[in-house]
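Q: Please take a close look at one part of this protein and explain how its helices and residues are placed. A connected account suited to a first-year student would be welcome.

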Amino acid sequence: MTTRLLIGRCLSALATALIPTTLTLAVLRATTDGGALGLVLASEMVPLLLFLPVGGVLADRIRPERVALLADLTRCAAQAAIAAELLLGVNRLLDLALLSALSGVAIAFGSPAVPRLVVAVVPGRERLRVNARIGVATSLSAVIAPALAGTVTVAAGPGWAAALTAALFACSALTLGGVRTAARSLAAAGSRAPVMSGRAGSFGGDVVEGWRQIRARPWFLACVLGHGVWHFVAGLFLTLGPVIAVQRLGGEVSWTVIVQSGTAGMLLGVFAAPRLPIRRPLRAVQIGAACYALPMVALAATAPTAVLAGAYFVAMFGLGVLSPLWETMVADEIPEEALGRVRSFDQLISFASRPFGLAVAAPLAGLTGVTALALTGGVLVAAANVAAILPAGRTPEQRQEPAPEQVR
């Protein structure tokens, strides 16, 4: 079952990474209006943010493989419809926006189910290794997908790129849908929201219970907020960095070198995470996020390309280490019956923060200047994530025995 899970996640990651490039090229073939492109791309994000809390509740009520199956089938249908329109020469932007919104809803329901699926299938001692492999697949997909989508689009048109995406989602759905987890009642585990017992509580009650699980763990809330700052600052860097590279560091080649350095760092970090002798994973996670201060300070100082690329390599190495460690630690510390709701909150903060950073970077830079904004961002990301190491209450590393709400 672990192999099936890994294959399914790899296919889904590649399909997900193909979508932005395919949609961008499809819209740009239909119109050169940047506002239209922004509307289509945002059409996925808005319903995603709105429905994530609902997806978290559903993920805790239904077997995760069923949720993953339905989510990937929905995204397959949306991409197949986009492919059909593009292949028929129909380039209605409204249709692309609506189908993107449908994909956003599917992501909102599918994302919180994935951590529960990993917990249900993979034994605790193996989770870090499996999460690292999933992280490698996701990182490689982010690198390969734009080139693959671009190549297919140039050779055959964006409709065929969308058709490829639909096929990958179909294969992912069949693979993940074939994973089998045991049905069990969680009433005996102390959950007020029975997950698989067939007696679901009210939606509001389930959300409140999920929030209670979060409030009972100040370390988790502090880390999630710190990661939200990280995503916001990443949005600033990804907006300001290309401008500085083009204007002051020698052009587009400089930015390409910086980005590729970050990609290499992230891949190396994900690969190294299960092999490093880390005794305090919470500290490693937060220090990894705080490393994003380095490229922000380098950006503020208008450092040479080599220095900025090195700083970004270290920052993304920290992210690579952070991702599988965080996935594994949260799965170990949060009761399985509440994991979907808790992770939906985590994902909501992450999904919302980076687009916000991308949106406000240029206006803020106009008010404060690039140097002041980059330096402020570096200080914020370091302070927010280092401060999260010592929140009020017990951390997983300080706890000597399980808290009452963690007994399963």
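A: The following account begins with the whole chain, turns to the part around helices α11, α12 and α13, and ends with another pair of helices.

The model is predicted. Its secondary structure consists of 15 helices and zero strands. The protein has 408 residues, of which 51% count as buried. The surface that the protein exposes comes to about 17,200 Å², and carbon and sulfur atoms supply 68% of that area. Contacts between residues at least 6 apart in sequence also deserve attention: 86% of them join residues at least 24 apart.

The close look starts with helix α11 (residues 281–290) and helix α13 (residues 305–333), whose axes come within 8 Å and cross at roughly 145°. The crossing of α11 with α13 is left-handed. On the side of α11, the contact is made by P281, L282, A284, V285, G288 and A289. On the side of α13, A315, G318, L319, L322, L325, W326 and M329 take part. Sorted by class, this contact of α11 with α13 holds eleven nonpolar residues, two polar ones and no charged residues.

Helix α13 also contains L308. L308 has a relative accessible area of 1% and is therefore buried, since buried means under 20%. If neighbours within four places in sequence are left aside, L308 is in contact with F237, L249, I258, P295, A298 and L299. A further relation links L308 to V259: these two residues are 49 residues apart along the chain, and their C-alpha atoms are separated by 10.0 Å.

The next element to consider is helix α12 (residues 293–300), which holds M296. M296 is buried because its relative accessible area is 0%. Not counting residues up to four places away in sequence, M296 touches V233, L236, F237, A374, L375, G377 and G378. F237 is thus among the residues that M296 touches, and F237 is also among the contacts of L308. In sequence, M296 and T371 are 75 residues apart, while from C-alpha to C-alpha they are 9.1 Å apart in space.

Between α12 and α13 there is a loop, and T302 lies in it. The relative accessibility of T302 is 28%, so T302 counts as partly exposed. The backbone of T302 is notable in one respect: its phi is near 50°, a positive value in a residue other than glycine.

A second pair of helices may be set beside the pair just described. Helix α1 (residues 2–30) and helix α7 (residues 158–177) have axes that come within 8 Å and cross at roughly 160°. For this reason, α1 and α7 are roughly antiparallel to each other, as angles over 145 degrees count as roughly antiparallel. The crossing of α1 and α7 is left-handed. Their contact has 17 nonpolar, seven polar and three charged residues.

Finally, Q79 belongs to helix α3 (residues 64–87). Q79 counts as buried because its relative accessibility is 3%. Apart from residues up to four places away in sequence, Q79 touches I19, S103, A162, T165, A166 and F169.

Key
Residues are numbered from 1 along each chain as its sequence is written. This is a predicted model: local features need pLDDT of at least 70, side-chain atom pairs count only at pLDDT 80 or more; totals for chains, interfaces and linings use all residues. Side-chain values use heavy atoms; hydrogens and water are left out. Axes are lines fitted to C-alpha atoms, for helices over the stretch in contact, and angles run from 0 to 180 degrees between N-to-C directions. Helices (H or I, at least four residues) and strands (E, at least two) are DSSP runs, numbered from the N terminus. Angles under 35 degrees count as roughly parallel, over 145 as roughly antiparallel, 65 to 115 as roughly perpendicular and the rest as oblique. A crossing is left-handed if the near helix is turned anticlockwise from the far one by less than a right angle, and right-handed if clockwise. Ala, Val, Leu, Ile, Met, Phe, Trp, Tyr, Cys and Pro count as nonpolar, Asp, Glu, Lys and Arg as charged, and the others, Gly among them, as polar. Buried means under 20% relative accessible area, exposed over 50%, partly exposed in between (1.4 Å probe, protein chains only). Contact means heavy atoms within 4.5 Å. Accessible areas come from the Shrake-Rupley method with a 1.4 Å probe; for residues, only the protein chains shown count as cover.
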